[in-house]
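Here are some exercises to work through with the model open in your viewer. Try each task before you read its solution.

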Protein chains: 2
Amino acid sequence: MYLTQGLHRSLQQNPDAPATIFGDRVRTVRELADRVSRLAAALRAMDVADGERVGVLALNSDRFAEILLAVPWTGGVVNPVNIRWSPAEIVYSLAECQTDILFVDDAFAAYAPVLRQGYPALRKVVHIGDGPLPEGMLDYEELIAAHEPIPDVRRGGDSLLGIFYTGGTTGFPKGAMISHANLFVATYGSRATAPTGLPGGKSLLVAPMFHMAAFAAWYTQLVLGGTHVIVPFFEPGTVIETIARHRVSYVMLVPTMIQMLVDHPSAAEHDLSCVRHVVYGASPISETLLRQAMRTFPRAEFVQAYGMTELAPAATLLTSEDHREGTRLRSAGRAAMHAEVAVVGPDDQVLPPGRVGEVVVRGGHVMLGYWNKPAETAEALRGGWMHTGDGGYLDEDGYLHIVDRIKDMIISGGENVYSAEVENALAAHPAVALCAVIGIPDAVYGERVHAVIKLKPGATATLAEIRDHCKSLIAGYKAPRSCEFVEDFPLSAAGKILKRELRKPYWEEKDRTVQ
Amino acid sequence: MYLTQGLHRSLQQNPDAPATIFGDRVRTVRELADRVSRLAAALRAMDVADGERVGVLALNSDRFAEILLAVPWTGGVVNPVNIRWSPAEIVYSLAECQTDILFVDDAFAAYAPVLRQGYPALRKVVHIGDGPLPEGMLDYEELIAAHEPIPDVRRGGDSLLGIFYTGGTTGFPKGAMISHANLFVATYGSRATAPTGLPGGKSLLVAPMFHMAAFAAWYTQLVLGGTHVIVPFFEPGTVIETIARHRVSYVMLVPTMIQMLVDHPSAAEHDLSCVRHVVYGASPISETLLRQAMRTFPRAEFVQAYGMTELAPAATLLTSEDHREGTRLRSAGRAAMHAEVAVVGPDDQVLPPGRVGEVVVRGGHVMLGYWNKPAETAEALRGGWMHTGDGGYLDEDGYLHIVDRIKDMIISGGENVYSAEVENALAAHPAVALCAVIGIPDAVYGERVHAVIKLKPGATATLAEIRDHCKSLIAGYKAPRSCEFVEDFPLSAAGKILKRELRKPYWEEKDRTVQ
């Protein structure tokens, strides 16, 4: 079991089929394999040896997919960089796992100087855009043309496939180490439980490929054979037009994206009956939205996947049968065939059905650990279970219901925002005495990052100032979109801010379906 | 990934559903788990520790399934014994892998004294039949009643799950060591490639459970949840009646069994539309039989699996789409998503499409090795590929076509000659009723292509005529250089020509090293 296996299989079974479509650029399986083997040779020439990290900082593209194949082909480890991060965060992650070769596209070429400055060990930057070659970078197509194919080293099994950085609950991001076997187990297990994607079908890659969810959707279609239709980012009109034009059969989305697609005027103008599977995650779907989506994609089966980067990523699935049945749309589904799911109390004892506790997951898909963070790894994986940080309960039929984020994570527009990280940024503001960050309902993003702030005596601040301050430290999407100033916080006996109390007025009247 | 995981998952999701149906005996998932955990305790009390072998010599039953779960539950390794073997062969295999606890049913209880005599280390024999308790045996139900449940040790991953002895065509049987991960990879990979079985469906277990193919079919339904409907052995009337009575959705058969089912008068009298998946193996299906089978099972999808015990077991699959398409029914399908399949020459170099050689397979499903046979293991797994011993070729679309056993391959003057190809040519001669082609010693060519022919009543033929006929169809070097006419062939119990017997007189005095 190794990542590139699907490419070899396609080469045996469908060599002349289109493998990637990006704009008007189409590459067959044979061409893709040839390019990947040459790019692997170029990486080898850069001394990418067994286990060496190679980064990608780019919007989605066919070249992004080529890199994901070429790196393990030559024995390396991929480090797909979160494109929404600030340069400071990116520098932190590159330096932490010593990624000294980086691929960037036109959208992120401008980051290169500041990344080099922050991390001088960055020795090669390869430009994968179609625009002019920026100074100090290597040209992607020249590298491919200049090298002869090398054989696949077939790195696989329990060896490290990639490092996927995930938001820092304690401030700093952590690099989840995912093995080839992790991805194999999660993908084959998910597909064995709830079929998604068709052999030889066409998959639309629209969620950002650095995300584990999109990465896994890409891998699913890779092992199934067939074609990846790739768009650089989510834009509803383009997505609808692309689906219709290429007769896409499989797409992975988040409910926010689904909402924007069904609301878009051009949805009604296109025949989208080609779509057979819609997989969504990050949050449940409302019954209203599901009904709308079933009209927009009349032949699609809907599958919800719940999981996290550390689980490569799926643990539970709400199957298409569950969707048809329709009474459990708020649940995250049941343990997939490869995963064991339980709910534990604060003492890590398994709780009976109906009792709320922390959701924990066990199986061959659980990450190897966090890069260079043995203490955090031991904590997260204690007792052999991955502690998700999500609060929830299992019902009598084994359906998982997520009720809250144990660690106060906010999911805003499909992105995970850890309140602790935002609180750290806020606390650095000179006017802030005390603060708490919570998720509150938002019509567009599902949840919105909201700050509750107690100012220092005599100090003043505005939302705009607060936002600017935060954006100088963390990614823009993590900065609070709203705030309120308070005199005092509700505190527990132990002096801890009771976030539940802060959240209550915002959620009370809502029929809250989001976790 | 461990064998008993599917049972735990069912316990979480469907505890009150029927897990096993055997005759009129029905056990729910909860009852099954309780019985398994008690039986595991009984085994523990017999000092079954980590990796200890436990044998089963029995027809199919619900208790057979309980044993398959209880043994790994307590850390042991299963050794399902081939019920078609002679007591001497069974003694050989028990002694070789030191299986000193054995479960037997009423059908095989009579073997116990001779097994004990041949293998005095056999210390416990447990009777799982419904008949009276034979002397010197422990009673299965008493053991379960006498022990309290113990927790599952969850033995899994790369650890040894079972030893499956495989045919001694070349002399002594070899124990293929299959890990939990091997079975996981083959089963999840097969199901991800070509769905078989329904979640919560009903699977009929009719092929003998000691066989890897039936064992894997059992495991597939186990991980899917649902019910195992078990019959002790194949009897067409009973099978038809059982399928209809319990609304079975999934059945694994061999084409001979399918033929007997469609030919049986009661097939037409029962509604068999409940069957949604028919998986078959061991040999391809003819177009005629497929058509008949599609009438008998009007809603079934047909999937052919090709593999072997050492591959746990599937490597290639002919999917339901391939069956509908209908032009490749003679092929064994294409590499499943978990398997790499290639064809190699005598030097182990991979051959291009269209060239006949030995079929080799690589992947996470390849056995750990043969028990206690390092030389045979190294030979079978040389270069990281499992050498199947089957001759075949891959076509341009990656479909595998099996032409013969390599062991039936004749090497004459350095050329490979597949006896099946010559036999096909011979069979087209109007005078030939039955034929077999073998290699016999030849001073010049090493081996010589030799035909053994039974003529049609009243027909005559000469070697020259036969040769000319063959040369009109196949290459000259493949045409028989000698032949003999016989009245009858030595046949196996299954009606297969015993080529070994035909070869014997020619090779008897030779030190034959070729297989």
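**Exercise 1. The proline in the loop**

Task: find the loop of chain B that holds Pro313(B), then look at the peptide bond that leads into this proline.

Solution. Start with the location: Pro313(B) sits in the loop between β14 and β15 (314-318) of chain B. Keep in mind that you're looking at a predicted model. Next, check the bond: Ala312(B) and Pro313(B) are joined by a cis peptide bond, with omega about -20°. Now hop over to chain A. There, a cis peptide bond joins Ala312(A) and Pro313(A), and omega is about -20°. Pro313(A) belongs to the loop between β14 (301-307) and β15 (314-318) of chain A.

**Exercise 2. Two positive phi values**

Task: for Ala312(A) and Asn372(B), work out whether each is buried, partly exposed or exposed.

Solution. Take Ala312(A) to begin with. Its phi is near 60°, a positive value in a residue that isn't glycine. Ala312(A) lies in the loop between β14 and β15 of chain A. The cut-off for "buried" is 20 or more other C-beta atoms within 10 Å. Ala312(A) has 33 of them, so it is buried.

Then go to Asn372(B), another non-glycine residue with a positive phi, near 60°. Asn372(B) is in the loop between β19 (369-370) and α13 (374-380) of chain B. With 14 C-beta neighbours inside 10 Å, Asn372(B) counts as partly exposed.

**Exercise 3. A helix and its cover**

Task: describe helix α2 of chain B, and say what covers its buried residues.

Solution. Begin with the length: α2 (residues 29-45) of chain B has 17 residues and runs 24 Å from its first C-alpha to its last, close to the 24 Å expected at 1.5 Å a residue. Next, ask how covered α2(B) is: mostly, with 12 of its 17 residues buried. Among the buried ones are Val29(B), Leu32(B), Arg35(B), Arg38(B) and Leu43(B). The cover over the buried residues of α2(B) includes α1 (5-13), β1, β2, β3 (53-57), α3 (62-73) and α6 (140-146) of chain B. Finally, look just past the helix: Asp47(B) follows α2(B) and has a positive phi, near 70°.

**Exercise 4. Around one alanine**

Task: which residues does Ala19(B) touch, leaving out those up to four places away in sequence?

Solution. Place the residue: Ala19(B) lies in strand β1 (residues 18-22) of chain B. Count its surroundings: 30 other C-beta atoms fall within 10 Å, so Ala19(B) is buried. Now list the contacts: Ser10(B), Arg27(B), Thr28(B), Val29(B), Leu32(B), Thr227(B) and His228(B). Leu222(B) is worth a look too: it is 203 residues from Ala19(B) in sequence, while their C-alpha atoms are 8.7 Å apart.

Zoom out to the sheet. Nine strands of chain B make an open sheet with mixed pairing, in the order β2-β1-β11-β10-β12-β13-β14-β15-β16. Its edge strands are β2 (25-28) and β16 (334-335) of chain B. Inside this sheet, β13 (residues 277-280) and β14 (residues 301-307) of chain B pair in the parallel sense over four bridges. One bridge to spot is that of Tyr280(B), whose partner in β14(B) is Gln304(B).

**Exercise 5. Where the chains meet**

Task: how many residues of chain A are in contact with chain B, and which elements of chain A give two or more of them?

Solution. Count the residues: 22 of chain A are in contact with 22 of chain B. Then sort by element: α1 (5-13), α7 (180-193) and β16 (334-335) of chain A each give two or more residues to that side. Sorting by class, the chain A side has nine nonpolar, eight polar and five charged residues. Last, take a look at α7(A): 14 of its 14 residues are buried. From first C-alpha to last, α7(A) reaches 20 Å, close to the 20 Å expected at 1.5 Å a residue.

Definitions and conventions:
Residues numbered from 1 in each chain as written. Chains lettered and ligands numbered in written order. Predicted model: local features only at pLDDT ≥ 70, side-chain atom pairs only at ≥ 80, totals over all residues. Contact = placed C-beta atoms within 7 Å. Nonpolar A, V, L, I, M, F, W, Y, C, P; charged D, E, K, R; others polar. Expected span 1.5 Å × (residues − 1). Pairing = 2+ DSSP bridges.
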